[in-house]
Structure formats: C-alpha cells, structure tokens
Amino acid sequence: FGEDNKKQFDMSSLFTIDEETGLTGAFALEAGFMKGKMLINQYACISEYNEATNSFNEVIDDCGNLNVSYAYIDKNDLLWVVNNKEVLCYDTDSYKRIDRIEVGNVYSSHMTHNGFIWIGTDSGLKILDTRTRSFSNIPNVIKENKKLMSSPIISIYDEKRGSILLVTNSSDVFYFSPCRGGKLYEYGEKEFPINVPTNNINKFFYDSQQNLWMGSLDQGISVLYKDNRRFNRDNHLRQLMQQKSVIALTHDNEDNLWITTLYDGVWLRIHDSREVIRTNIDDLLANQPGKNKFVPNKIQLASANWSSGIHTIFVDNDNYLWMAGVANVYKVKHMGHGVLRIEESFDIESPMCFNQDVYGTMWIGTMSNDVYAKRSNETSFKKINLYDAVFTFTTNLTNMKDGNILAIAFPLCIYCCLLSLVNISFSKHFTFSRISSLVYPSGICLAKGV
C-alpha cells in the first residue's frame, strides 16, 4: 500500500469469461487477510493477490466442483470454504485440503467471532466447531422453536457479543442470546433487542462503528445507527411510539411510564412486564358532562383515533394522575392494566403545569396571569392572581429546598414568583429583564446559595 493507504488492483484476471457458460469467475467477491496474504472468493475458486504482478492468481480450484458460497479464515489461519453441499478446510501455506464435511443443501452460513460456523441447510440448522471440526449441539431454545426449525434459514449473522441474528425464508427474524442459558426472541415481541425494518431482509453487517446495516430484497439498504440505541432500548416501545407525537412523559410511584401523545391518546408502559397499553381516557372524557369538555373535530372523528386533548400528566403523592385538558383538569385513578377512572373534574381554563408542595397542596399553572391551589382537605381550587401589568402564563412550578413553590412565567422577559404555602397566596415577585437567550423557559435550576 502507498503513503495514502490506498492501492489499485488489476482485477482483469478475475473476469475471465467461460466461452460455454458465459459466466465470469468473479461472481461473489469476498476477501480475507492472514499472514500478509489477501485471498478473494471468486465463486468457483479462491485466488491470492500477487503484489509483484499486482494481480490475483488462482490458488484453490478443487472446491468440490460446486459454487463457493462462503469463505472464512479462522484464528489459526485456516481457510474454511462453504459450497452448496459441504464445508472444506484448507491450509493457507500449501493450500492443501485438510478436511471435508458434508452438510446437505446449504442456504446460508456465517462464522462467528469465536470460531463456530452456523449453517442453514435443507435438514435444519447446523453448528460446526472449527476447533474440533465436529458439529456442536444446537441450543435448546432454538431446537424447541418449531417455527424456526421448520423454515429454511437464509441469513445468519452474529453481533460480536455472542448473539446471533437468524432470518428465515418467510422473513421471520429471530435473535438468539447465549446469556443465562440462552434466550430466543422473535421479531414482534416486546423484548426483541433491535429495531428491524419490516422488509425482506437477507443480509446483516456491522461496520467498525457498530452500526447495523441490513440489506433486503424489496427495500434496499437500511441502517440502525449505534447512537440511536443509546436511548430507549425497549424496542417494542420504540416501535409503538415511532409514528406518534409524544408531548409529555411522567412516571408514577410504581415506576410505570405514562406517555401523552398529541393524536393517539394516553399510553401506559408497565414497569414489571414491560407491556405497553393504550388507556381508556379518550372514552371516559368523551362521555364527560359539561360545556368545557373536549369535542373532536370531523377529521378526528373520521380517523377513529382522535385524542381527548390531554397534554400534561402529573402524579401526586397518593399515586393519583392529574391530567390537563383544554379547559379542564381531571383527577384520575389507575384501576390497573391501563383502565382509568375519573375521580374529580375541575373547570380550569388552559391548564399548563402541576406540582404538589410539602403540605400536599396541589398547584396548577395556566396560560393566564393566574395559578390555582387546592389543599388536600378542600374540594375546590383557589385562584391566585400573579401578574396584573402584562399578559403572561406560567410554564413551570418548581419546588424549592425550603419547601416554597417557585412559579416561572413567560412574557417578553422572565418573571418568577415565590408562592406562600401557608397562606396559599402570592409572596414575592422577581423580574429578570436582561436574560435574552431563554426564549421559552420551561424549568429552572436552583444553585446552592441562590
């Protein structure tokens, strides 16, 4: 290789056309490096790169008179060739054949990082240990899966961590993890660890950055980037929420996740079972009495997927859900498995945020100059006017370390109010007129000593 770490190869020797068949020798190009040599799979033979002539010379032509489907080099620098019906082993110094193992009609194969060749054949899956040159036992979780064992496996790939991806000719994708005695996941299960597109996948490849490339027969190439897997490893949840506009998240006292969407209602992810359920809140609010209830428009009604207008959820100390609608606030109890029951309803115009102080008092910020508060022993909310001079709205209610509530509002500059918890009233007003970088404040961080 030159100084630029590149070299141009003379590939003309690879493309010798057979006068009878019209086929070229280079049908499937795969390269392997070992002992300073470069070998290339030419479909009908194996060739070695000759640096002196800058060309590839045929070194192995006794591949059983069958097509070389796959070629691998193990850690001992042995060459393994998988053709249509058998596995052949060669010494890379003399290029003499060492072993020949019949496996049946081959659909796919892959050598894992630990030296096992997984082979999909017409008689099922086979695993060849290159160290002992014998077949290993198939993991029980795979052997016991009738759907996988009864379908030809057309693609096999390992994740470099011991896990194996398997694709059948029916486009079923399986993920085998050897951890804890072995687990097998089928695509579509909520615990399936990677996000696989619904294409007719026939090839996998991990690049040097651990991005997963997937080739398909119908939709070309798709890539699952490593960075995308740093967040939300729950593949089932990611798939369910992929085309939905998620506008708010919160978790309850049992670590269940509540998900608010713009058009698809409110969802619950149960922590223990990882099950994701759409709640019945839309049906409940559609039947709520009162002039301020949410009324779906014609487009929403026609889609049969209209949302109740819930845009914020808060969980109080007693694990009740407080939901903000268009012109109402609802206190909701979770009865289990996504089934909700409305305990109380309050007519509060344009609620935006919630909080609960150390005394158990509920606070609500709105899209107005007012906030609302209700003690735990009271039945209604008290309105508290914060700003008289200019229209603004409260974007966040933050608990202070001393137990007070800080109300953060948004006009052309930032206003903050300290609310008195004992008297349930306005206490102190702060104005920050020189802050220009914060266009829409949604929270605040309180530094020590401030």
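1. A search of the whole structure finds eight salt bridges. The structure is a predicted model, and the points below take up several of these salt bridges before turning to a sheet and a surface patch.

2. Asp-129 and Arg-131 join their side chains in a salt bridge, with an N to O distance of 3.2 Å. The two partners differ in exposure: Asp-129 counts as buried because its relative accessibility is 8%, under the 20% limit, whereas Arg-131 counts as exposed because its value of 56% is over 50%.

3. A salt bridge also connects Asp-172 with Lys-147, where the closest N and O atoms are 3.7 Å apart. This pair links distant parts of the chain, 25 residues apart: Asp-172 belongs to the loop between strand 14 (164-168) and strand 15 (173-177), and Lys-147 to helix 2 (residues 146-149). Asp-172 is buried, at a relative accessible area of 17%, while Lys-147 is partly exposed at 39%. The pair does not stand alone, as Lys-147, Asp-172 and Glu-186 are linked in a network of salt bridges.

4. Between Lys-331 and Glu-344 there is a further salt bridge, its closest N and O atoms lying 3.8 Å apart. Here too distant parts of the chain are linked: Lys-331 is in strand 26 (residues 329-336) and Glu-344 in strand 27 (residues 339-346), 13 residues apart. Lys-331 is buried, with 16% relative accessible area; Glu-344, with 27%, is partly exposed.

5. Four strands form an open sheet in the order 20-21-22-23, and their pairing is antiparallel. Its edges are strand 20 (246-251) and strand 23 (276-278), each of which pairs on one side only. On average, neighbouring strands of this sheet are turned by 20° against each other, direction ignored.

6. Within that sheet, strand 20 and strand 21 (residues 257-261) run antiparallel and are joined by five bridges. In this pairing, Ala-248 stands opposite Thr-260 of strand 21. In general, the strands of a sheet pair through backbone hydrogen bonds, in either a parallel or an antiparallel manner.

7. Phe-205, Trp-213 and Ile-221 make a nonpolar surface patch of about 330 Å². Trp-213 is located in strand 18 (residues 212-216). With a relative accessible area of 34%, Trp-213 is partly exposed; this value therefore meets the patch requirement of over 30%.

Note on methods. Residues are numbered from 1 along each chain as its sequence is written. This is a predicted model: local features need pLDDT of at least 70, side-chain atom pairs count only at pLDDT 80 or more; totals for chains, interfaces and linings use all residues. Side-chain values use heavy atoms; hydrogens and water are left out. Patches are made of residues with over 30% relative accessible area and no salt bridge: like charges are joined within 9 Å, nonpolar side chains (Val, Leu, Ile, Met, Phe, Trp, Tyr) within 5 Å. Accessible areas come from the Shrake-Rupley method with a 1.4 Å probe; for residues, only the protein chains shown count as cover. A salt bridge is a side-chain nitrogen of Lys or Arg within 4 Å of a carboxyl oxygen of Asp or Glu. Helices (H or I, at least four residues) and strands (E, at least two) are DSSP runs, numbered from the N terminus. Buried means under 20% relative accessible area, exposed over 50%, partly exposed in between (1.4 Å probe, protein chains only). Two strands pair if DSSP finds at least two bridges between them. Axes are lines fitted to C-alpha atoms, for helices over the stretch in contact, and angles run from 0 to 180 degrees between N-to-C directions.
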